Protein chains: 2
Amino acid sequence: MQCDLIIIHEEAVEEVRQAMPEADQIERMAGLLKAFSDPTRLKILEALRQRELCVCDLAVIIEASQSSVSHQLAGLKAQQLVKFRKEGKVVYYSLDDDHVADILDRALEHIRHAE
Amino acid sequence: MQCDLIIIHEEAVEEVRQAMPEADQIERMAGLLKAFSDPTRLKILEALRQRELCVCDLAVIIEASQSSVSHQLAGLKAQQLVKFRKEGKVVYYSLDDDHVADILDRALEHIRHAE
DNA sequence: TGAATATATGAACACACAATCATATGAAGG
DNA sequence: CCTTCATATGATTGTGTGTTCATATATTCA
């Protein structure tokens, strides 16, 4: 390996470098998209896409433990992907952002496009 | 915990259950979106978004080792997110799907929307 | 054929993370 | 108050994964 020093296409490198997003933004994008990278979280998001749901219903629908769902919801909340409202003991979660549904749509398109 | 048995909102559960994507599709979506969940891979995708690039240039641009970039490219290729063409010793990679750019756009929007 | 170079790949290691279990919090009802 | 119930949270653990290092592959050129 020696191309660390001898850059093969210098203008290409320079050009692309300047158009790259800030490192900070990349990190935050990765953090956000990581929220979509797990089946349990994806199921939660797909379910909430239909309608507002409480933790217990979510657990039943996606067939996961209450604890697991609760933990994952905490993560999704941290990424501002879901919001909630309390009604007595019950906590209702819903999607917090339209981009969520958009991203899910694109992902599904890609999946289906690859037959 | 007892709501495994006593479903709180029975019709909600039934309704959402039927609208849920197949488990298989969820798995594949998660696999796809996992490709976006790492800063190194995100940088690669953002760079390739500008233009076709060889492995060596990519490594320089995103400041990662050649080996690391090569490994990650293999993963992206497996998800059919990038394609490549060979020209002598040099391998040029480029994005393989328009959905990729779309997903990146949505993610960036979300990030910026959260100030 | 042999040296140089661009990329790929395998093994190993350190670290992140999802699930579980146990327990805490907090609200409603008796 | 005390119990019940819905949800949250902390600790633990096993698994997955990104990086590195070393080496393999493959192509060009002398």
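User: Let's start with two helices: at what angle do the axes of H3(A) and H4(A) cross?

Analyst: Good place to begin. To read a helix pair, look at the axes, then at the residues between them. In this predicted model, the axes of H3(A) and H4(A) come within 10 Å and cross at roughly 115°. The crossing of H3(A) past H4(A) is right-handed.

User: Which residues of H3(A) and H4(A) make the contact?

Analyst: H3(A) brings Thr40(A), Lys43(A), Ile44(A), Ala47(A) and Leu48(A), while H4(A) brings Leu58(A), Ile61(A) and Ile62(A). By character, six residues of this contact are nonpolar, one is polar and one is charged.

User: Now the DNA. Which residues come nearest to DNA strand D?

Analyst: For a strand, begin with its neighbours. DNA strand D has 25 residues around it, and those that come nearest are Ser70(A), Tyr93(A), Thr40(B), Ser67(B) and Gln72(B). That surface is made up of eight nonpolar, twelve polar and five charged residues.

User: How much of what the protein meets on DNA strand D is sugar or phosphate?

Analyst: Among the atoms of DNA strand D within 4 Å of the protein, 63% belong to sugar or phosphate, and the rest belong to bases. You can then go to single polar pairs. On the phosphate side, an N or O atom in the side chain of Lys34(B) is 3.0 Å from a phosphate oxygen of DNA strand D, and a polar side-chain atom of Ser65(B) lies 3.3 Å from a phosphate oxygen of this strand. On the base side, Ser67(B) has a polar side-chain atom 2.8 Å from a base nitrogen of DNA strand D.

User: Which elements give two or more residues to the surface near DNA strand D?

Analyst: Chain A gives helix H4 (55-62), helix H5 (66-78) and strand E3 (90-95), and chain B gives helix H3 (39-50) and helix H5 (66-78).

User: And what lies around DNA strand C?

Analyst: Take the same steps. Of the 24 residues around DNA strand C, the nearest are Thr40(A), Ser67(A), Gln72(A), Ser70(B) and Tyr93(B). Sugar and phosphate make up 63% of the atoms of DNA strand C that come within 4 Å of the protein. The surface near DNA strand C has seven nonpolar, twelve polar and five charged residues.

User: Which side chains have an N or O atom 3.0 Å or 2.9 Å from a base atom of DNA strand C?

Analyst: Gln66(B) is 3.0 Å from a base nitrogen of DNA strand C through a side-chain N or O atom, and Ser67(B) is 2.9 Å from a base oxygen of DNA strand C. For the backbone, a polar side-chain atom of Lys34(A) lies 3.2 Å from a phosphate oxygen of DNA strand C.

How values were computed
Residues numbered from 1 in each chain as written. Chains lettered and ligands numbered in written order. Predicted model: local features only at pLDDT ≥ 70, side-chain atom pairs only at ≥ 80, totals over all residues. Heavy atoms only, no water. Near = heavy atom within 4 Å. Polar contact = N/O pair within 3.5 Å; in protein donor to acceptor, adjacent residues only side chain to side chain. Helix = DSSP H or I, 4+ residues; strand = E, 2+ residues; numbered from the N terminus. Nonpolar A, V, L, I, M, F, W, Y, C, P; charged D, E, K, R; others polar. Axes fitted to C-alpha atoms, helices over the stretch in contact; angles between N-to-C directions. Left-handed = near helix turned anticlockwise from the far one by under 90°. Contact = heavy atoms within 4.5 Å.
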